[in-house]
Amino acid sequence: MATTKCPYCWTSHKRGELHMRCGERCAHKGEAFPERQLRDGRCPHGVLPQSRRVCPHCGRELLREYVDSGGRNIAVIGSADSGKSTWVGVLVHEFQRGQVNERFTGMSLDLLGEESRVRYERDFNTPLFVHGRPLQQTRSASVSTPEPLMFSLRFRRSRRLGATRVAPVVTVFYDTAGEDVARAQQMDLLISYLDAAEGIILLLDPLQMPKVRDLVGTNGRRSGYTDQLHVVNRLGELLRERSSTPVDRRLPTPLAVALTKLDLLPDTLGPESPLRQPSRHVGGYDDGDGLDVHEEVRAWLNQWFDPAFDRSIANTFEVYRYFGLSALGAPPIDGNRLAPEGVHPYRLEDPMLWLLARFRAIKTMKGKR
Ligand SMILES: Nc1nc2c(ncn2[C@@H]2O[C@H](COP(=O)(O)OP(=O)(O)OP(=O)(O)O)[C@@H](O)[C@H]2O)c(=O)[nH]1
Ligand SMILES: [Mg+2]
Ligand SMILES: [Zn+2]
Ligand SMILES: [Zn+2]
């Protein structure tokens, strides 16, 4: 039987164990009962119930699209200030009406549920695209657990395949607070959701690598950087503790590691660098392009950061790939203003497209390299 992972408390439940609630007309209005007690679509008291399913563990309502499609959870993690929120905020925009939308004909992205819509509008869209301001620091999970941002993505398949309706891929992003990754006690909270994730996106800020800071100078927003290598080791450690994977085996969750803010390093990348060419993902994921970027970024990480990083990733994860991107396309003027030319992301969608290809939601093109 299909199981559902609650996107709020990350516990897993069989479909029949999800709760429903008695409806308006029932004397027990609001009372919860497991879905398997439904009889001819009615509650144990014989009345039509409320239509939404509820998590038996935390009691929050689960959206129908989420339950029906078996939502995919994607965790976005990284040290403080690495660009996680900006990446999520611009990504949703790009899939809705930006360049990615143009390159995938017939694709649509819809934020699911009032909470996701309100939060996206307030915390991401308005600052970035209405006021032209950088985003606020994300609040720590000790203050509020990371709230999911839920959306459904629909792709149109070619007519030749005869598929008229395509099931949506429901994706849930958790934008965590970087400060939590460093602190052990918060990590325990984060780990339950990392464990539930079907894909992990780890963002690395090149400016938090001392060698890069020597190259370009500093203009970071906050000081006191966490050790990014520590983040990866900790991540592997914690996932191993929890997962059913034997200790000597690598973890199966696909990991995308992306260097952010590449706009700050325009002169560092040579003219031939694949990171200076626009990506070739049109209507699918171009694996050749992806591998070119992967190798280039691996080389930069060895040089800028630490060869131990790649080894650590390779020893921990079965499937991983490196990416390089810029969410903003240009450095902000200061803490209150983005560059006057607006937001022009660069290779921003690549890690997401790679994951979607792994989920078989889009096709993989084995292009020549
Ligand atoms: N130059 C440049 N700066 C960026 C880019 N993306 C984010 N930034 C800046 O980097 C800083 C951190 O961005 P956030 O998106 O808030 O980072 P975060 O990882 O969510 O940070 P926490 O919530 O504290 O964990 C902000 O000042 C952003 O404006 C980018 O693509 N290029
Ligand atoms: Mg943030
Ligand atoms: Zn009832
Ligand atoms: Zn729950």
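This passage describes the fold of a predicted model, with attention to one sheet, two helices and one buried loop residue.

In the predicted model, the secondary structure of the protein chain amounts to eleven helices and 15 strands. The chain has 369 residues, of which 40% are buried. When contacts between residues at least 6 apart in sequence are considered, 72% of them join residues at least 24 apart.

Seven of the strands make up an open sheet with mixed pairing, and their order across the sheet is β8-β9-β10-β7-β11-β12-β14. The edges are occupied by β8 (108-111) and β14 (320-324); each has a single partner strand, so one side of each is left without a neighbour in the sheet. Direction ignored, neighbouring strands of this sheet are turned against each other by 25° on average. At the β8 edge, the partner is β9 (residues 148-154), which runs antiparallel to β8 and is joined to it by four bridges. Within this pair, S108 is found opposite R154 of β9.

Helix α11 (residues 350-358) lies across five strands, namely β7 (72-78), β10 (169-175), β11 (199-204), β12 (255-259) and β14. Relative to β12, helix α11 runs at about 170°.

Helix α4 (residues 113-130) is not straight over its length. With 18 residues, a straight helix at 1.5 Å a residue would reach 26 Å, but the end C-alpha atoms of α4 are only 22 Å apart. A bend of about 40° is located at E121. Several residues of α4 are buried, including G113, S116, Y120, F124 and L128. The buried residues of α4 are covered by elements among which are α2 (84-97) and the strands β8 and β9. After α4 comes G132, which has a positive phi, near 65°.

The loop between β7 and α2 contains A80. Is A80 buried or exposed? A residue is classed as buried if 20 or more other C-beta atoms lie within 10 Å of its own. A80 has 23 C-beta neighbours inside 10 Å and therefore counts as buried. A80 can also be placed relative to L203, which is 123 residues away along the chain: the C-alpha atoms of A80 and L203 are separated by 10.0 Å.

Notes: Residues numbered from 1 in each chain as written. Chains lettered and ligands numbered in written order. Predicted model: local features only at pLDDT ≥ 70, side-chain atom pairs only at ≥ 80, totals over all residues. Pairing = 2+ DSSP bridges. Helix = DSSP H or I, 4+ residues; strand = E, 2+ residues; numbered from the N terminus. Axes fitted to C-alpha atoms, helices over the stretch in contact; angles between N-to-C directions. Contact = placed C-beta atoms within 7 Å. Expected span 1.5 Å × (residues − 1). Bend = angle between axes of the 7 residues up to and from the residue. Buried ≥ 20, exposed ≤ 12 C-beta atoms within 10 Å, placed from the backbone.
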